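Biologist: Hi, I've just opened this one and could use a guide. Can we go through it bit by bit?

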Amino acid sequence: MCDHSKNIYKPYLATIAELRDETSDIRSLRLVFQDEEVREKFTFRAGQFAEYSAFGAGESTFCIASSPTRQGYIECCFRAVGRVTDALRSLEVGDTVGVRGPYGNSFPIEEFYGKNLVFVAGGIALPPLRTVIWNCLDLRDKFGDITIVYGARTEADLVYKHELAEWEARSDVRLVKTVDPGGNGPTWDGKVGFVPTVLEEAAPAAANTVALVCGPPIMIKFTLPVLEKLGFADDAIYTTLENRMKCGLGKCGRCNVGNVYVCKDGPVFTARQVKAMPQEF
Amino acid sequence: MPKMITEQNLRALIDLLVKEGSRVVGPKAAGTMTLYEPLAAGEELVLTELPRRSAKEAFFPLCETILTYAKGEEGVQVNDIDPARFPETVLVAVRPCDAAAPGILDAVFSWDYDDQFYQERRKKTAIIGLACTKADDACFCTAVGLSPAETQGSDLFLTPLSGGGFRVEAVTEKGEKLLARYSQLFGEAGSAQPLPPAEPGGEKLELARIKAWLDANFESPLWQEIADRCAGCGACAFLCPACHCFDINDEGTEAKGARRKSWDACGFAKFTNHASGHNPRDAQNKRYRNRLMHKFKYYDDKFGKHLCTGCGRCVRACPVGIDIKAVLDEINSK
C-alpha cells in the first residue's frame with residue numbers, strides 16, 4: 001500500500017468517474033484515484049471496506065463493491081439516508097471524494113477454489129457479495145457451480161439490475177431472483193417470496209459448497225436455519241457484519257460486538273464465529 | 001542520595017521550562033474548577049486539588065483537527081497536520097491515577113495503525129507525577145492495583161515531605177535527563193521524611209474474579225438495574241482518564257473546512273446507531289454493559305490491561321449517583 005502520509009486519518013483523493021442510480025435512493029459510484037502512484041499501488045481483497053468522504057459533510061463506511069480483479073478503479077454503493085450519504089449523492093461525475101482504506105479482513109477466496117458457491121443477498125446487501133461474485137466469475141475455472149439467490153422488497157429495490165440480467169444470461173451461473181409478496185409488477189419474471197423461503201426451494205446442495213450471506217439482520221436470522229437444514233456447516237457459511245464505524249482502524253470504540261472489533265477482526269465472519277459472539281449486533 | 005525540590009523551586013522550574021519554550025501543563029484554577037491547563041508561570045500551579053478532568057487531553061485533546069481541506073480551481077486540496085507542530089510538553093503535578101492512563105492507552109492508539117496525533121504528543125511529553133497524601137470517598141486507585149504513591153507512568157515522581165518540598169525520584173531515562181538538566185533546582189533530600197501516602201478506603205477488587213464474572217454474564221439482571229438510573233449523559237466517559245472513544249466529523253462547507261476528531265461516549269444513544277435506524281445497543285442497559293465490559297473485559301482480552309485507574313471522577317460526577325466502585329464491589333462479591 002502506498003504510504004503517502006503518516007496521518008492514518010488522511011484520505012486519498014478520488015474522482016467520480018461514473019455514477020449510476022440503482023434505485024430511487026441507492027447510488028453506485030465508480031472512483032478513480034487522483035494520485036498516479038496510489039492508482040497503481042492500491043490493492044484490496046473482496047470483503048474489505050473503506051471510509052468514503054464528502055468534504056464538508058464527513059465520512060461514511062461502505063464495502064468496496066467492485067472486484068479486486070478489475071483494476072484502475074473502485075466502486076461503492078450506498079443509500080442516501082443521512083448527512084454524508086446525501087452529500088455524496090449530490091456530487092457529480094468529475095467531483096472529488098476522499099477514500100481511506102482498504103480496511104478489515106476479507107473473504108478467503110483461495111480456500112473456496114474447487115468448491116461450489118452459493119450467494120444469498122437481500123436488498124442493499126448485494127454490494128459486499130457482488131465484489132466476491134465478480135472476483136469468482138473472473139476466475140471462473142477455479143470454482144464449481146455458482147448459485148446466486150437475491151431478493152428485495154420490490155422490483156424497484158433490486159440493485160445492479162443490469163448485472164442481474166448479465167448473470168441470468170450466463171450458462172455458468174444460476175441466478176434466482178425474488179421479490180417479497182406484493183413487490184412484483186406485471187412483467188416480473190422472477191420468484192415471489194422472502195429470500196429464506198426461496199433459498200429453501202432452490203435447495204442448493206451443501207456438499208463441497210460454501211454459502212455467502214449478506215442482508216438485513218432479519219433476513220440473516222431466517223436464512224441461517226435454512227442453510228443448516230440444507231446441510232451447510234457453520235464453518236461453510238460466511239457473512240459480513242455492518243456495524244457503525246468512524247475510524248475503521250480499531251480505535252474509536254463503536255463497532256465492537258463483545259471483544260470483537262468488526263473493523264479489524266471483521267467485517268467477514270463465519271456463521272460459527274457469529275454464533276460465538278454476544279448477540280448484540 | 002535521593003533528591004528533593006522545594007515548592008518554590010518547583011514553581012521556578014515551571015518558569016524556566018516556559019521561558020525555554022516548552023508547553024507546561026499542570027493543575028490550574030479555571031473558573032470554579034481546577035483543570036490540567038497550560039501554565040504561563042509557576043505561581044499558577046495548584047497543588048491541592050485533583051483536577052476536574054484527567055490529564056489525557058494532553059495527548060488526546062477533547063477536539064482536534066486531523067486535516068483541513070479546501071476546494072479550488074484544481075480540485076480538492078487536503079492539508080496534513082504537521083506533527084512537528086506539537087510542542088515539547090512537561091506535565092507537572094500529575095496524580096498517579098492520571099499518570100498511569102497513557103501507559104494503558106498506548107496499546108489502542110498503536111496497535112496495527114499508529115495514531116500519530118497521540119503518539120507524537122506522547123513522545124514529546126514528560127510527566128512529573130505527584131503522590132497523593134489525601135484521598136476522598138470516591139478515590140479507589142488501590143482497589144484497581146495502583147496506589148497514591150504509584151510511580152508507574154511518571155518520568156519524575158514527587159512525594160511531599162513532612163517539612164515542605166518534595167522528594168524527587170527519577171523513574172525513567174526522560175526523568176533522569178530532566179533531573180540532570182535542571183540540577184541547580186534540586187537539592188539533597190537528607191533526612192527529610194516523606195508524608196505518608198493517602199489511604200483510599202474501600203475493598204480491594206479481585207480483577208481476575210471480576211473478569212471471570214464478566215466473561216460469563218453478558219446477560220445479567222445487573223445491567224438493567226444500573227441502567228434504570230443511567231441518564232446516558234456521558235459525563236463519566238468525558239472525565240475518565242482511560243476512555244478513548246471518539247467521533248470524526250467535518251466542520252465547514254464543501255469549499256473549505258476541517259476534519260476533527262472529538263471525544264465521544266458509548267453511553268450516548270446514537271453512538272452505535274446504523275444509518276438504517278437499526279441500533280445494536282438500542283437501550284441504556286446495553287450501553288452501560290458495554291462501558292463496564294470494555295473497561296474490565298474487552299480491553300483486557302485485547303491488550304491485557306483494564307481501562308480504569310480508580311481516579312473516582314465518574315463517581316463524583318454522575319448526576320444519578322452511579323458508583324462504578326460499588327458496581328465492581330457487587331460483581332466481586334458474586
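Modeller: Sure, let's start in chain A: in helix α2 (residues 83–90) of chain A, the buried residues include A:V84, A:T85, A:A87 and A:L88. Buried means 20 or more other C-beta atoms, placed from the backbone, within 10 Å of the residue's own. Helices are DSSP runs of H or I of at least four residues, strands are E runs of at least two, and both are numbered from the N terminus.

Biologist: Before we go on, what kind of model is this?

Modeller: This is a predicted model, where local features need pLDDT of at least 70, side-chain atom pairs count only at pLDDT 80 or more, and totals for chains, interfaces and linings use all residues. Residues are numbered from 1 along each chain as its sequence is written, with chains lettered from A and ligands numbered from 1 in the order in which they are written.

Biologist: OK, why do the buried residues of α2(A) line one face of the helix?

Modeller: Seen down the axis, they fall within an arc of 160°, so they sit along one face of α2(A). That arc is taken from the directions from the helix axis to the C-beta atoms.

Biologist: And what covers them?

Modeller: The cover includes β3 (49–54), β4 (58–63), β5 (74–79) and β6 (96–103) of chain A. Contact here means C-beta atoms, placed from the backbone, within 7 Å.

Biologist: Switching to chain B, what does strand β4 pair with?

Modeller: β4(B) (residues 63–72) runs antiparallel to β12(B) (residues 256–263), with seven bridges between them. β4(B) also pairs with β5(B) (residues 75–79), again antiparallel, over five bridges. Strands pair if DSSP finds at least two bridges between them.

Biologist: Which residues are partners there?

Modeller: B:L67 has B:R259 in β12(B) as its bridge partner, and B:T68 is opposite B:N79 in β5(B).

Biologist: How many residues are in the hairpin that joins β4(B) to β5(B)?

Modeller: Two residues make that link.

Biologist: Last topic: how many residues does each chain put into the contact?

Modeller: Chain B gives 43 residues and chain A gives 35. On the chain B side, β4, β5, α3 (101–110), β11 (246–252) and α9 (284–303) each supply at least two residues.

Biologist: Which one has the largest share?

Modeller: That's β11(B), with six residues.

Technical notes
A residue is buried if 20 or more other C-beta atoms lie within 10 Å of its own, exposed if 12 or fewer, and partly exposed in between; C-beta atoms are placed from the backbone. Two residues are in contact if their C-beta atoms, placed from the backbone, lie within 7 Å.
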